[in-house]
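Let's take a walk through this protein, from the overall build down to a handful of single residues. Have the sequence and the model open side by side.

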Amino acid sequence: MSDTTVIPTGFYENYPALLSEQGLEAMRDHASRDPDGFWLEQAGRVHWHKKPTRGFSGSFTGDVSIRWFEDGQLNVSVCCLDRFLTEKADQVALIAHREGHGPAERLTYTMLHERVCRLANALSHLGVEKGQRVAICLPMCSEAVVAMLACARIGAVHVVLFGGFSAEGIAERLVDSQAVVVITASTSRRGSKMVPFKETMDAALLRAGASSAVHSMLVVRTSDEPVMMLPGRDHDYHGFVDHFEADFVPVIMKAEDPLFMLYTSGSTGKPKAVVHSCGGYIVWAAYTMGMVYTFRPGDVLWCTADVAWITGHTSVVYGPLANGGTTMISDSLPGHPYPGRWWDLVQENKVTMLFTAPTAVRSMMAEGDEVVKKRDLSSLRLLGVAGEPISPDAWLWYHDVVGQKRCPVADTWWQTETAGVVLGPVPGAQALKPGSASTPLPGVDMRVIDQQGKVQTGAAEGALCIARSWPGQARTIWGDHARFVQTYFSAAPGLYFTGDGARRDADGYYWITGRMDDVINIAGHRLGTAEVEDVLGEDHRVVESAAVGIPHPVKGEALVVFVIPRKDAAGELTEEGIGRFVAKQLGRYAAPEAVYLVPDLPRTRSGKIVRRLLRKIAQGETENFGDLSALNDMAVVKTLCDRVWAQSTFGQGVPEQARA
């Protein structure tokens with residue numbers, strides 16, 4: 001991992017910076033001297049029914065209590081819609097593109113407000129009350145955005161579920177959340193695959209049985225194909241909703257009332273739902289997106305994340321709309337039905353800010369530079385990335401080829417639990433280092449601690465923690481506050497432990513080294529898996545790689561590497577050659593125990609590689625993989641298992657049927 005490349009402040013002559021370097025430092029100073037005053041000032045970014053007079057109250061110790069702006073009152077849908085109906089009534093708020101469905105749908109703030117109000121009335125008619133949970137399981141269509149905002153308008157807590165979850169995974173979440181209404185679709189196409197939303201939801205409800213509280217389902221018909229509907233429970237979405245009034249008086253919420261729950265998967269035990277509150281979350285969404293993705297007249301932000309993930313909540317829905325911007329969604333894939341599909345969508349919709357995952361960047365990088373150069377991407381002025389650490393090699397390609405060296409790259413780090421960016425640059429106001437998540441935003445008190453829990457100063461490496469609460473911080477885990485305290489506050493008393501490791505350089509820039517359980521101890525040598533992946537990222541024949549550690553009887557742990565080769569270089573790369581390359585670059589101790597050339601890696605739809613699954617597969621396991629409901633493609637699991645069994649000693653002498 002290198003921090004020698006620096007793109008200085010002032011490099012982007014045509015990029016209108018939000019702040020000067022001095023202005024950014026002034027914000028940091030204000031936040032440090034008077035945190036409550038700073039955050040009450042930032043609370044002015046959204047509309048309040050009753051303005052708060054209190055900032056933070058609570059504690060990171062003991063039972064842990066987190067409260068922000070608790071004497072304030074507001075409605076989040078008003079913050080995103082009503083406040084703009086005078087000055088921006090005819091501005092496009094949402095561009096919704098669906099592959100194979102003709103031109104993109106373009107909804108103005110007025111049109112989006114009307115649709116949200118109609119659904120709010122429909123949900124109220126179905127008996128949904130303030131505080132009850134509504135499950136939303138939809139593809140990337142306009143109804144998904146409408147559904148989230150309608151729940152916010154009536155005070156219901158939305159629970160957005162990934163469309164790729166299994167029936168078992170959905171059933172578990174429906175029972176845990178006790179959702180009373182489900183909003184889903186008939187089917188949806190994801191590339192060449194058909195996703196059976198309604199069929200899966202029916203199976204989930206059957207599996208949940210009497211443990212489910214669902215009494216009604218709204219179904220968005222996505223094709224002319226017949227849909228099995230259960231009389232009395234199921235309703236055609238538009239046939240039912242479109243008849244209601246296009247006005248609904250918003251329910252005024254207390255700042256600490258819950259806005260949504262979002263499930264994150266664990267390697268063991270049931271998935272946990274983190275809870276975010278109305279006031280703190282919307283202030284944080286408006287603040288972080290306003291700092292990193294500054295909306296100007298005519299801007300179109302396309303964040304490619306699914307709304308089922310926190311990136312979709314904050315960077316697709318709440319952040320852009322709370323800033324009065326135009327947000328775009330699409331269900332397309334970067335290379336389907338042909339290479340360069342996303343670049344065509346950027347060109348067609350005059351996208352000015354593109355925000356995607358490192359995985360997508362690397363996959364488009366693999367298509368070649370000419371695919372990019374054939375398109376007119378002159379509308380772009382800012383590029384963003386989040387989800388996993390991006391290698392300097394991929395960062396520079398994104399910057400040089402896609403951004404033509406004129407668009408800053410905002411590499412950000414955040415989590416479901418943080419709700420928005422905590423590490424990331426303010427473009428134009430600070431220098432950029434390829435591969436670094438830059439510095440904490442003003443108001444974020446980031447710390448690095450060593451193995452003994454001691455806070456490190458200056459250049460250091462260790463566990464990434466946060467010393468002071470921020471408005472968007474998750475309040476608890478639904479129904480299990482003890483688990484919340486144990487998960488995030490037990491590793492370093494008085495600090496929020498992110499679970500990630502990081503290196504901070506002499507300039508105060510942070511480099512994420514991966515999950516702390518992704519640090520391998522090989523015969524006393526500590527090796528971050530991100531270091532291995534960054535080294536392999538320097539080889540242009542490699543599309544992507546994932547390094548994991550497995551138990552070893554002599555070394556304690558050993559390194560195993562999975563590598564996706566470029567299609568035109570598949571014959572050049574060998575397992576032995578990759579092993580030698582890693583050892584040469586990092587040292588003989590880092591020589592991999594095994595290398596596997598594979599067609600793909602197990603990942604969530606948001607692009608995160610599921611490394612815990614790779615660790616189990618690398619050890620020869622073929623079952624007991626834990627919760628896999630968030631996987632984008634289950635077929636890759638068998639492919640990898642077969643590859644490991646065929647290449648390793650695990651499969652020697654084992655009949656084929658025993659390995660199935």
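Leaving aside its neighbours within four places in sequence, which residues is Gln-347 in contact with? Gln-347 touches Arg-375 and Asp-376, where contact means heavy atoms within 4.5 Å.

Before going on, a word on what you're looking at. This is a predicted model, in which local features need pLDDT of at least 70 and side-chain atom pairs count only at pLDDT 80 or more, while totals for chains, interfaces and linings use all residues. Residues are numbered from 1 along each chain as its sequence is written, and side-chain values use heavy atoms, with hydrogens and water left out.

**The overall build**

The protein has 20 helices and 30 strands; these are DSSP runs numbered from the N terminus, with helices being H or I of at least four residues and strands being E of at least two. Its radius of gyration is 24 Å, close to the 26 Å that the globule rule gives for 660 residues, so the protein is as compact as a globular protein of that length. That radius is taken over C-alpha atoms, and the rule is 2.2 Å times the number of residues to the power 0.38. The C-alpha trace spans about 70 × 60 × 55 Å along its principal axes.

How much of it is tucked away? Of the 660 residues, 61% count as buried. Buried means under 20% relative accessible area, exposed means over 50%, and partly exposed is in between, using a 1.4 Å probe and protein chains only. Among contacts with a separation of 6 or more, 71% link residues 24 or more positions apart. The accessible surface comes to about 25,000 Å², and 51% of that belongs to carbon and sulfur atoms; the areas come from the Shrake-Rupley method with a 1.4 Å probe, and for residues only the protein chains shown count as cover.

**The cores**

In soluble globular proteins, nonpolar side chains tend to be buried together. Here the largest nonpolar core has 187 residues, and those touching the most other members are Leu-119, Leu-123, Leu-149, Leu-174, Tyr-318, Trp-343 and Trp-397. Helix α9 (residues 278-292) supplies the largest share of this core, eleven residues. A second, separate core of 27 residues includes Phe-562, Ile-609, Leu-613 and Cys-641. A core in this sense is a set of buried Ala, Val, Leu, Ile, Met, Phe, Trp, Tyr and Cys residues joined through side-chain atoms within 4.5 Å.

Trp-343 is worth a click. Beyond its neighbours within four places in sequence, Trp-343 is in contact with Leu-354, Met-364, Val-371, Val-372, Arg-375, Leu-377, Trp-397 and Val-402.

Leu-174 takes us to helix α6 (residues 167-177), whose buried residues are Ala-167, Gly-169, Ile-170, Ala-171, Arg-173, Leu-174 and Ser-177. The cover over them includes β6 (133-137), β7 (157-160), β8 (181-185), α7 (197-208) and β14 (258-264). Right after α6 comes Gln-178, with a positive phi near 55°.

**Backbone oddities**

Two more residues with positive phi sit in loops, and neither is a glycine. Val-64, with phi near 60°, lies between β1 (56-59) and β2 (65-68). Lys-350, at about 50°, is found between α11 and β18 (353-356). Is each one buried or exposed? Val-64 is buried at 5% relative accessible area, whereas Lys-350 counts as exposed at 52%.

There's also a cis peptide bond, from His-336 to Pro-337, with omega near 5°. Pro-337 is in the loop between β17 (327-330) and α11 (341-348).

**Three residues side by side**

Back to Gln-347, along with two loop residues:

| Residue | Place | Relative accessibility |
|---|---|---|
| Gln-347 | helix α11 | 31%, partly exposed |
| Val-421 | loop between β20 (409-411) and β21 (446-449) | 3%, buried |
| Gln-91 | loop between α3 (76-80) and β4 (92-97) | 25%, partly exposed |

Not counting residues up to four places away in sequence, Val-421 is in contact with Trp-284, Thr-288, Val-292, Thr-412, Trp-413, Trp-414 and Leu-441. With the same exclusion, Gln-91 touches Leu-107, Thr-108, Tyr-109, Gly-324, Gly-325 and Thr-326.
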